[in-house]
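Student: I've just opened this one and don't know where to start. Could you walk me through it?

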Amino acid sequence: MSELAFPLAAAATCLGLSLRLGAQSGVIEASHSAPLSELAARGPSLTRRMYGAFPFKRHLPGWLYAIRPEPKQAQPPAPPSAAEARPLALQRLPSQDGYARAVGATAAQVADPAGPLRKAVLARALDLRTDRALDPFAVADRLGSDPHVTAYCLPLPGAHAEPRWLVGATPELLLRKTGAAIRSHPLAGSARRREEASEDAQAKAALLGSEKDNVEHRVVVEYIHDILAPYCATLSVPAAPQLDRTASMWHLGTCIDGILRDADTPCLELLAALHPTPAVAGAPLSEALRAIAAAEPFEREFYAGTLGWVDARNDGEWHVTLRCAMIEGRAARLFAGAGIVAASDPQAEVAETRAKFIAMRRALGIAESL
Ligand SMILES: C=C(O[C@H]1C=CC=C(C(=O)O)[C@@H]1O)C(=O)O
């Protein structure tokens, strides 16, 4: 893939639009669309840095964009104002009861010693309608005021003339590659943060000691270790997880560092091998994908995919596409999921997913009551 062509007419809908990923932002000058697995197999040689996103389903095409960097205005994010879109209605997919039933059925499947499933991550969605068009960059700005996340906002060609926007703030690093050095920092196992300091410390300690959350976490760490080990001369995996935070959540996290045998291993090959990990899918992968398809009455699309950049030196940084919404005009679809193991309690998983919506609800100005 040299200087990039536009394989689909729809790609033109994103040219000239801005994108943002953490501190980097720019105007899209060129784009390329392909499934991650195809790009990995082709071993693309890039002439410049490309930013992009790939969907949860790895056979579906994602997007890579070349941008002309533009400085981000250093303005503090403003709360939603009267001039901005106001939430009108919210629909849950499935209902909270429906989600709880799916969690119960999946936990029973994992608990069955005769079955292969060890973990599945089940998500639910919120469909929001607003009184006027949403401003995706204002939403990303608000999300980015949390220093523990990488906020993002990028356009995706839609079926219509207008693009859709993938907006969110992820706390999870899937893969960073700098020369021969690689890092993955998976998260799995969660607790809602509390306003009051002693309650927050209690929530954190309970998470660290929770057998159910540690089981959920270990599945992810083992998976990533097993995928990366054949590529690595050294790979270090701490024996126990640490606690990572966002403004609204505690997570169990493990920082996995490796040195590649061959520094020229394509960044996208490693990414394609890793994605999707059991932080968003489950284990074994094919059984988890079946459980997800049976439980979720919507398409994940880019939620639980991966987004980031890769450059001409074959370095890159890719995040798990979490805590996000797809925004299109006056509509937004928000996503949140939770890892289900044998000990998962359906109502606790409803509450955990509710907590994972908090950041996006605040950024969109959606009241808890809606
Ligand atoms: C699937 C999500 O979170 C993942 C990342 C951190 C903790 C998770 C958990 O505790 O279940 C999930 O694996 C989500 O936010 O939608």
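Student: How many helices and strands are there in the chain?
Tutor: Keep in mind that this is a predicted model. Going along the chain, you'll meet both kinds of element. The tally is nine helices and 20 strands.

Student: Why can we call the chain as compact as a globular protein of its length?
Tutor: Start with the globule rule, which gives 21 Å for 370 residues. The chain's own radius of gyration is close to that, so it is as compact as a globular protein of that length. Its C-alpha atoms fill a box of roughly 55 × 50 × 40 Å along the principal axes. The radius of gyration to remember is 20 Å.

Student: What share of the contacts in the chain comes from residues 24 or more positions apart?
Tutor: Here we look at contacts with a separation of 6 or more. Of these, the share from residues 24 or more positions apart is 74%. As for burial, buried residues make up 46% of the 370 residues. So back to your contacts: the value is 74%.

Student: Which strands are the edge strands of the sheet that holds S11, S14 and S13?
Tutor: This is an open sheet of three strands, in the order S11-S14-S13, with antiparallel pairing. An edge strand here pairs on one side only. That picks out strand S11 (187–192) and strand S13 (242–245).

Student: Which residue in S14 stands opposite Arg192?
Tutor: S11 and strand S14 (residues 249–253) run antiparallel and are joined by four bridges. Arg192 has its opposite number in S14, and that residue is Met249.

Student: Which helix packs on that sheet?
Tutor: Look for a helix that touches both S11 and S14. Its direction makes about 150 degrees with that of S11. The helix is H5, residues 211–228.

Student: Which elements give two or more residues to the shell around the ligand?
Tutor: The ligand is surrounded by 17 residues, and the closest are Leu187, Ser190, Ala279, Gly337 and Gly339. The shell divides into nine nonpolar, five polar and three charged residues. The elements giving two or more residues are strand S6 (119–130), S11 and strand S20 (331–340).

Student: Where does Pro276 lie, and what is omega at its cis peptide bond with His275?
Tutor: Pro276 sits in the loop between helix H6 (267–274) and strand S16 (282–283). A cis peptide bond joins His275 to Pro276. Its omega is about 0 degrees.

Student: Which residue is joined to Pro284 by a cis peptide bond?
Tutor: Find Pro284 in the loop between S16 and helix H7 (285–295). The omega of the cis bond is about -15 degrees. The partner is Ala283.

Student: Is Glu301 buried or partly exposed?
Tutor: Glu301 lies in the loop between H7 and strand S17 (306–310). Its phi is near 50 degrees, a positive value in a residue other than glycine. A residue needs 20 or more other C-beta atoms within 10 Å to be buried. Glu301 has 19, so the label is partly exposed.

Student: And Arg323, is that buried or exposed?
Tutor: Arg323 is in the loop between strand S18 (316–320) and strand S19 (324–328). The phi of Arg323 is near 50 degrees, again positive in a residue other than glycine. With 29 other C-beta atoms within 10 Å, Arg323 is buried.

Terms used:
Residues are numbered from 1 along each chain as its sequence is written. This is a predicted model: local features need pLDDT of at least 70, side-chain atom pairs count only at pLDDT 80 or more; totals for chains, interfaces and linings use all residues. Two strands pair if DSSP finds at least two bridges between them. Two residues are in contact if their C-beta atoms, placed from the backbone, lie within 7 Å. Axes are lines fitted to C-alpha atoms, for helices over the stretch in contact, and angles run from 0 to 180 degrees between N-to-C directions. The radius of gyration is taken over C-alpha atoms; the globule rule is 2.2 Å times the number of residues to the power 0.38. A residue is buried if 20 or more other C-beta atoms lie within 10 Å of its own, exposed if 12 or fewer, and partly exposed in between; C-beta atoms are placed from the backbone. A residue is near a molecule or strand if its C-beta atom, placed from the backbone, lies within 6 Å of it. Ala, Val, Leu, Ile, Met, Phe, Trp, Tyr, Cys and Pro count as nonpolar, Asp, Glu, Lys and Arg as charged, and the others, Gly among them, as polar.
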